[in-house]
Amino acid sequence: MSKQVLIISSSPRKGGNSDTLCDQFMKGATEAGNRVEKIRLADLKIEYCSACYACKKTGHCVKRDDMEQVIEKMRAADVVVLATPVYFYTMCAQMKTMIDRTLGGVQTSGLENKEFYLIATAADGKAAMERTVDGLRGYLECMPGAKEMGVVYGAGAWQIGDVQKNAAFDEAYQMGQNVC
């Protein structure tokens, strides 16, 4: 049975290392017969959360921007891939902003029981990415019924294209292939 897969690439660089791993995951998942969509947060207008907590009362964010479509795509997906480059030992600002803005969506139904895959890339080694992965796992703990299905660590990827010479390149493809 095919699944609806949403890949959320937070790389500010189109074709950057984490974005490339998203493409590899997408290739594998598509070849496995899944319906796959990739969105690039850098192409969207998403404002910061202002912690007004209106979402707790209304069930949705009062801000009207591209985050509304991201939430709807997340609701429609069976599988969500969160991909981020690692800057200063944490996720990039685009990913953190998107995560913060899902607060209103988590208050209402539709985001529970999703399967999640995590992708992180960094110039440093795997150990340097653990804080980032822990932060993403903390987010998953807030998502009712979320299941972590796998993590791709794109270590040693600094310049665009470095990840193509990395074991993570094949791992992302294989994880995509395993979505079923």
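So, is N17 buried or exposed? N17 counts as buried, because its relative accessibility is 3%, and the cut-off for buried is under 20%. Before I go on, please remember that this is a predicted model.

Let me stay with N17 for a minute. You'll find N17 in helix α1. What does its side chain reach? The side chain of N17 gets to the backbone nitrogen of V163, at 3.1 Å. And if you skip the neighbours within four places in sequence, N17 is in contact with T121, then with A157, W158, Q159, I160, G161, D162 and V163.

W158 comes up again in the next part, the largest pocket. The volume there is about 350 Å³. There are 17 residues lining that pocket, and the closest to its centre are V86, Y87, A122, A123 and W158. Which elements give two or more residues to this lining? That would be α1, our helix from a moment ago, and β3, residues 79-87. β3 provides the largest share, with three residues. By class, the lining of the largest pocket splits into 10 nonpolar residues, five polar ones and two charged ones.

Okay, from the pocket to the cavity. How many cavities of 30 Å³ or more are there? The count comes to one. The largest cavity holds about 100 Å³ of space. It has 14 lining residues, and a run of cysteines shows up if you look at the ones closest to the centre: C49, C52, C55 and C61, along with Y53. Three helices each put at least two residues into that lining: α2 at 54-58, α4 at 93-101 and α5 at 103-106. For the chemistry of the wall, the cavity lining has nine nonpolar, two polar and three charged residues.

Since α4 just came up, let's look at M98, which is found in that helix. M98 counts as buried because its relative accessibility is 0%. Again leaving out neighbours within four places in sequence, M98 is in contact with I8, L41, M67, V70, M74 and L82. There's also a spacing worth pulling up on the screen: M98 and Y48 are 50 residues apart in sequence, and their C-alphas are 8.1 Å apart in space.

Just ahead of α4, in the loop that follows β4 (90-91), sits C92. C92 is buried too, with a relative accessible area of 0%. Its contacts, with neighbours within four places set aside, are S10, T84, P85 and Y87. You'll remember Y87 as one of the residues closest to the centre of the largest pocket. For a contrast with the M98 and Y48 pair, take C92 and M143: they are 51 residues apart along the chain, and their C-alpha atoms are separated by 20 Å.

Last stop, helix α7, residues 167-177. Which of its residues are buried? They are A168, F169, A172, Y173, M175 and G176. These residues sit on the same side of α7, because they cover an arc of only 160 degrees around the axis. What covers them includes α1 (17-31), β5 (115-121) and β6 (147-154), so α1 is back in the story. And at the start of α7, a side-chain oxygen of N166 reaches to within 2.8 Å of the backbone nitrogen of A168.

That's my tour. Happy to go back to any of these on the screen.

How values were computed. Residues are numbered from 1 along each chain as its sequence is written. This is a predicted model: local features need pLDDT of at least 70, side-chain atom pairs count only at pLDDT 80 or more; totals for chains, interfaces and linings use all residues. Side-chain values use heavy atoms; hydrogens and water are left out. Buried means under 20% relative accessible area, exposed over 50%, partly exposed in between (1.4 Å probe, protein chains only). Helices (H or I, at least four residues) and strands (E, at least two) are DSSP runs, numbered from the N terminus. The arc is that of the directions from the helix axis to the C-beta atoms. Contact means heavy atoms within 4.5 Å. A polar contact is a pair of N or O atoms within 3.5 Å; within protein, one must be able to donate a hydrogen and the other to accept it, and residues adjacent in sequence count only if both atoms are side-chain atoms. On a 1 Å grid over the protein atoms alone, a cavity is a set of points where a 1.4 Å probe fits but cannot get out, and a pocket is an open set with protein on both sides within 12 Å along at least five of seven lines; lining residues have an atom within 4 Å of a point. Grid points are joined across faces, edges and corners, and a volume is the space filled by probe spheres set on the points. Ala, Val, Leu, Ile, Met, Phe, Trp, Tyr, Cys and Pro count as nonpolar, Asp, Glu, Lys and Arg as charged, and the others, Gly among them, as polar.
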